[in-house]
Amino acid sequence: MPISKRNPFDYGGPVSGPHFAGRHDELTAVTRRLADHIGVVVTAPRRYGKSSLIKEACARLTASTPGSAIVSVNLLQTSSLAAVSGVLLKNLYHVPGGPWHRLAQVLPGFLRRVRVQPSVTFDSSGQPTFNFSPSMTLDSAVEIISDVYQLLDKIGEKHPAVLVFDEFQVVADLSSHLPGLLKGLADEHRRVSLVLSGSKHHLMESLVLSKGAPLYNMLEHVALGPLPKDDWLPFLLARARAGGSPFADESVADVVWQMSGPVPFDVQKLAYESFAQADGVISRAIVIRSVETLVRHQASDFAKTFEKLSPGQRRVLKFLAAGTTLSTGSSEFAGSAGLANATSVRKTLRALEDAELVVGRENGPVVDDPSFAAWLRLPGGNHD
Ligand SMILES: Nc1ncnc2c1ncn2[C@@H]1O[C@H](COP(=O)(O)OP(=O)(O)OP(=O)(O)O)[C@@H](O)[C@H]1O
Ligand SMILES: [Mg+2]
């Protein structure tokens, strides 16, 4: 296939617009609430599409309500209070409805509105970046967050105003006081919709979802499940057709879904590889070859991960990858996986879940990454 042909599938980061499939109800629910200045918390396991849902909802909000102000920070990408403060200021500075844009001196006008002064540098496109000392205190960071809230709240008098903390499950690594302080700020600035998203359900429980959590009962909870097949198939068919290499027929798109689902990231990844390998049309043979390619690409990473596991963990993983239908609480499961009893199985599974190698699904635990599962199933493998 000529390399110039643009692949219509996208995986890796948050997607929106034509790359975004389904989630009609969730999108409507989130977009409406943001328009009405109500906060939302989005939870789901990794790579289910939390950031994509928020990105798409914000894009729709901006399209339907010009002037909407959205300030967003990803807490996994900002490992210090200084970094969080710098990103918040940078994103606030670019908000289209910010009154500082009407001033002759935009940057000084903006900086006058914040109490803790950053040092300012300029990136290659001439845009300012705001830097704080790595030893920035919690008090100073909270002053910045509070200023951001206040300026968004002012914009919120006329337009929707949204403050997004993505990957919120790691907030306590920045400061255990931050969730409680955010609750106070959110209560004070009711015209700003606070949007949180996170995986690691137990952490989100203790921060937001359960009684006694600092942000309990403030935000509408949207829990994402996998995208249903009925949303995937029309998307896969339409994207491949628009890209110029259609699926041979609907059953081939179904094979993509069967072999990679249900995690949206995995489905887009296999669709991407299948499109990349297609010569005009995506056939079933191409999809199967693409599965093998993806396994090959990651084989050495899989081997490294596998080597670090205990023998019992390895056996349980291989057993799950083989698609056992035995209940993990049964003595048959323990016996077949070479473990003493159901308690050892439970402990082993917990360790594999903590390492994000296994996830609980409707019918019990499974190997999270379908390529890893395929690698574990390789006959006569190099991983016994
Ligand atoms: N609604 C969707 N339609 C199509 N593809 C999607 C959708 N949601 C997610 N994806 C696919 O999954 C990938 C990961 O999405 P996203 O980054 O939004 O997930 P996440 O839940 O925020 O992940 P993480 O937990 O790693 O932050 C995207 O790059 C895309 O390939
Ligand atoms: Mg995300």
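**Helix 10, the parallel sheet and a few odd backbone spots**

In this predicted model, helix 10 covers residues 250-260, and its buried residues are Val-252, Ala-253, Val-255, Val-256 and Ser-260. Looking down the axis of helix 10, these buried residues sit within an arc of 150°, so they line one face of the helix. The background here is simple: an α-helix has 3.6 residues a turn, so residues three or four places apart point the same way. The other side of helix 10 carries Glu-250, Ser-251 and Gln-258, which are exposed. As for what the buried residues of helix 10 pack against, the partners are helix 9 (229-243), helix 11 (264-277), helix 12 (284-307) and helix 16 (370-376).

Just past helix 10 comes a backbone feature worth a look. Gly-261 and Pro-262 are joined by a cis peptide bond, with omega at about 5°. Pro-262 itself belongs to the loop between helix 10 and helix 11.

Stepping back to the whole chain, the protein splits into domain 1 (23-223) and domain 2 (229-376). Taken over C-alpha atoms, the centres of domain 1 and domain 2 are 34 Å apart. Five residues from domain 1 and five residues from domain 2 make up the contact. On the side of domain 1 that touches domain 2, the residues are two nonpolar, one polar and two charged.

Next, the sheet. Five strands make up an open sheet with parallel pairing, and their order is 2-5-6-1-7. Its edges are strand 2 (69-74) and strand 7 (220-223), each of which pairs on one side only. On average, and with direction ignored, neighbouring strands of this sheet are turned by 15° against each other. Helix 1 (residues 24-35) packs on the sheet, where it touches strand 1 (40-43), strand 5, strand 6 (192-198) and strand 7. The direction of helix 1 makes about 155° with that of strand 7.

Which strands does strand 5 pair with, and through how many bridges? Strand 5 (residues 161-166) runs parallel to strand 2 and is joined to it by six bridges. Strand 5 also runs parallel to strand 6, this time with five bridges between them. Some individual pairs can be picked out on the structure. Towards strand 2, Ile-70 stands opposite Val-162 of strand 5, and Asn-74 has Asp-166 of strand 5 as its bridge partner. Towards strand 6, Ala-161 has Val-192 as its bridge partner.

Is strand 5 enclosed or open to the outside? Six of the six residues of strand 5 are buried, so the strand is largely enclosed by the rest of the structure. Ala-161, Leu-163 and Phe-165 point one way from strand 5, while Val-162, Val-164 and Asp-166 point the other way, and all are buried. Asp-166 is thus among the buried residues of strand 5, as well as the bridge partner of Asn-74.

Over in strand 6, Leu-196 makes a handy reference point. Leu-196 counts as buried because it has 29 C-beta neighbours inside 10 Å, where 20 or more are needed. Leaving aside residues up to four places away in sequence, Leu-196 touches Val-41, Phe-165, Phe-168, Val-208 and Leu-219. One of these contacts, Phe-165, is also a buried residue of strand 5. Leu-196 and Ile-145 are 51 residues apart in sequence, and their C-alpha atoms are 15 Å apart in space.

Two loop residues round off the picture, each with a positive phi. Asn-217 has a positive phi of about 65° although it is not a glycine. Asn-217 lies in the loop between helix 8 (201-209) and strand 7. Is Asn-217 buried or exposed? With 9 C-beta neighbours inside 10 Å, Asn-217 counts as exposed, because the cut-off for that class is 12 or fewer. Glu-356 is the other case: its phi is near 60°, again a positive value in a residue other than glycine. Glu-356 is located in the loop between helix 15 (342-354) and strand 8 (358-361). With 13 other C-beta atoms within 10 Å, Glu-356 is partly exposed.

Key
Residues numbered from 1 in each chain as written. Chains lettered and ligands numbered in written order. Predicted model: local features only at pLDDT ≥ 70, side-chain atom pairs only at ≥ 80, totals over all residues. Domains from an automatic or database assignment. Contact = placed C-beta atoms within 7 Å. Nonpolar A, V, L, I, M, F, W, Y, C, P; charged D, E, K, R; others polar. Helix = DSSP H or I, 4+ residues; strand = E, 2+ residues; numbered from the N terminus. Arc of directions from axis to C-beta. Pairing = 2+ DSSP bridges. Axes fitted to C-alpha atoms, helices over the stretch in contact; angles between N-to-C directions.
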